[in-house]
Amino acid sequence: MGIKSMKDQDFRDNETLDLFKKEGGNFLLSTVDALIDWGRSNSIWPLTFATACCGIEMMAAGASRHDFARFGIEVYRASPRQADVIVVAGTITNKMAPVLKRLYDQMAEPKYVIAMGACAISGGPFYYNSYHVVKGVDHVVPVDVYIPGCPPRPEALLYGVMQLQRKIKLETIAKKRSNA
Amino acid sequence: MDAEKIQPLTEEQEFSINMGPQHPSTHGVLRLMLKLQGEMVREVKPQLGYIHRGIEKMCEKLTYPQTIHLTDRLDYLSAHILNESVCLAVENALEVEVPDRVKYVRTIIDELNRIASHQLWWCAFGMDLGALTTFFYGLRDREKILDIFEETCGARLLLSYNVPGGLMFDIHPNFQKRTKDFIKYFRKKLPEYDALLTGNPIMQERTKGIGYFSKEDAINFGLSGPPGRASGFSCDVRVHQPYSAYPFAKFKEILYTEGDTFHRYKVRIDEMWESMNIIEQLIDNIPEGDFAVKMKPVIKLPEGEYYQRVEAARGEFGVYIVSDGNKNPYRMKFRSPNFCNLAPLHKMSVGYKIADLVAISGSLDFVVPDMDR
């Protein structure tokens, strides 16, 4: 595992995901599930979608030093039809919100959303006094992973993506995703 | 609509399409409403407001030190320069003279920020033209600058290192050494940029003579920064109205008269060389002293109007403050370079192909949150 300041054991322990596993009920991980989840979790292609500062850190995560592609986040896709995950990097305003919803709707199942940065999580610095900002992107689309920070470091994005991979690995084809 | 009524497009017919708000080559959420005739661009209408966050209005509720943190969310690629503009405006209004050490450090970080911004622009411009390798080359070198920033002030992108009266804290002991190391490194790497992209025949074909803009037009449209200087409009605030430590450094303003996409590209490449010159002149001479002047805990500006302009990586950035004597501004207006540089897009790209429009808008280097504020 690639995160320096975090011990491997801590990374594996995650109460929330364990809960998720239990609450999932009739959890019968067949060989088919394992195979499908392995494939899906290791080829998550993000959509080229950035509205503000977090987009620059997303670019940095994709470039030479941090190299997203190690985790199978191979290529940025310009079309939502070819993308698996939409990383909402930056502020979503009231004018942009319908566009974001439309992009999400255009994506093919299975699709995931990562809310990157304070603006996407809650409105961030624009929570107070601003009349034009969506206070949390989860008002518009269902979010799988939240990454705090203003902007989050590329390492934080990598960690968020790894959490998403772990979440995908718990999926089963017998049950539809709850938030889809 | 009835199927019978749909007519096939002829070459003379105009049709309109939307480019954006989600489009990889609009660098954010800019929406361009295009009228095309075949592949030729006949009209470009930019639609703004997809990232309008009301920052100017928010500033009216905040104190002056707080507004600084909103300025770096405007043009996040030249965050430090924008922070400096508010600090300078407040300092000038209160007639505070900051120590020379502050001026030097501010200027050095300004120039590092400018290099980082131009590197990222180079990546994006290459990608707009279809050259993906530039992305990896540019960001490789940019990370080195971000390391210096991180060591100095703890942030990679949005520095917020300036406060009214100086800097938030002193520079790291390694700052000078690492900056010099970087300059040494980047002097070797910058010729690679030329070898990879500048001399490329495809790139030259696609940019030379494309998107011509005359000097008169540049002045009329208020173009500033590298696009303005590529048209021959001498508009460098660092030269004409020097601030911080720019009077202590010798450098020349990069000017071209051709005014096409290629020379907008050239100006930025040359500016990276020039920025390195400025840093080299200043880095060894950082004077000893305090890193900040002691300011009052609550900063109140005397009643009146204040304007301060700085040269951000994309052009002239201005802060206009109207104060009624309270701890927060009565009105704060930002003159953002991107908004003014967007205006000529129609005039530049009419009559060219739609692929040229991408190259032209790439050469103007838009940062959309700065446009919408």
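I take buried to mean under 20% relative accessible area, exposed over 50%, and partly exposed in between (1.4 Å probe, protein chains only). Helices (H or I, at least four residues) and strands (E, at least two) are DSSP runs, numbered from the N terminus.

**Ground rules.** This is a predicted model: local features need pLDDT of at least 70, side-chain atom pairs count only at pLDDT 80 or more, and totals for chains, interfaces and linings use all residues. Residues are numbered from 1 along each chain as its sequence is written, chains are lettered from A and ligands numbered from 1 in the order in which they are written, and side-chain values use heavy atoms, with hydrogens and water left out.

**Entry 1, helix α4 of chain A.** I started with α4(A), residues 54–62, and found 8 of its 9 residues buried. The buried ones are A:C54, A:G55, A:I56, A:E57, A:M58, A:A60, A:A61 and A:G62. What do they pack against? Counting a contact as heavy atoms within 4.5 Å, I get β1 (85–89), β2 (112–116) and α7 (154–169) of chain A, plus α4 and α5 of chain B.

**Entry 2, A:Y112.** I then looked up A:Y112, which sits in strand β2 of chain A. Its relative accessible area is 3%, so I file A:Y112 as buried. From A:Y112 to A:H66 I note 46 residues in sequence and 22 Å in space, C-alpha to C-alpha.

**Entry 3, the largest pocket.** Next I went looking for empty space. On a 1 Å grid over the protein atoms alone, a cavity is a set of points where a 1.4 Å probe fits but cannot get out, and a pocket is an open set with protein on both sides within 12 Å along at least five of seven lines; lining residues have an atom within 4 Å of a point. Grid points are joined across faces, edges and corners, and a volume is the space filled by probe spheres set on the points. The largest pocket holds about 970 Å³. I find 44 residues in its lining, with A:T48, A:M59, B:P24, B:M127 and B:F135 nearest the centre. The elements giving two or more residues to this lining are α4 of chain A and α4 and α5 of chain B.

For classes, I count Ala, Val, Leu, Ile, Met, Phe, Trp, Tyr, Cys and Pro as nonpolar, Asp, Glu, Lys and Arg as charged, and the others, Gly among them, as polar. The pocket lining then splits into 28 nonpolar, 10 polar and 6 charged residues.

**Entry 4, cavities.** How many cavities of 30 Å³ or more does the structure hold? I get 2. The largest encloses about 80 Å³. Its lining has 14 residues, and A:C53, A:C54, A:C119, A:C150 and B:R73 lie nearest its centre. By class I note 8 nonpolar, 4 polar and 2 charged.

The second largest cavity comes to about 60 Å³. Its lining includes B:Y76, B:N113, B:R142, B:F149 and B:R156. Helices α4 (100–128) and α5 (133–153) of chain B each give at least two residues to that lining. The class split here is 7 nonpolar, 2 polar and 2 charged.

**Entry 5, B:S78.** I found B:S78 in the loop between α2 (64–71) and α3 (79–94) of chain B. Buried or exposed? B:S78 has 0% relative accessibility, so it counts as buried. Leaving out residues up to four places away in sequence, B:S78 touches B:N113, B:A312, B:A313 and B:R314.

**Entry 6, β6 to β8 of chain B.** Two strands pair if DSSP finds at least two bridges between them. Strand β6(B), residues 304–312, runs antiparallel to β7(B) with 9 bridges, and a hairpin of 2 residues links the two. B:E311 stands opposite B:E316 in β7(B). On its other pairing, β7(B) meets β8(B), residues 331–335, through 5 antiparallel bridges, and B:I321 has B:M332 as its bridge partner. In β7(B), residues 315–323, 8 of the 9 residues are buried, so the strand is largely enclosed by the rest of the structure.

**Entry 7, the β1-β2-β3 sheet of chain B.** Last, I traced an open antiparallel sheet of 3 strands in the order β1-β2-β3. Its edge strands are β1 (15–19) and β3 (40–47), each pairing on one side only. Strand β2(B), residues 31–37, pairs with β3(B) over 7 antiparallel bridges, and B:M33 is partnered by B:K45.
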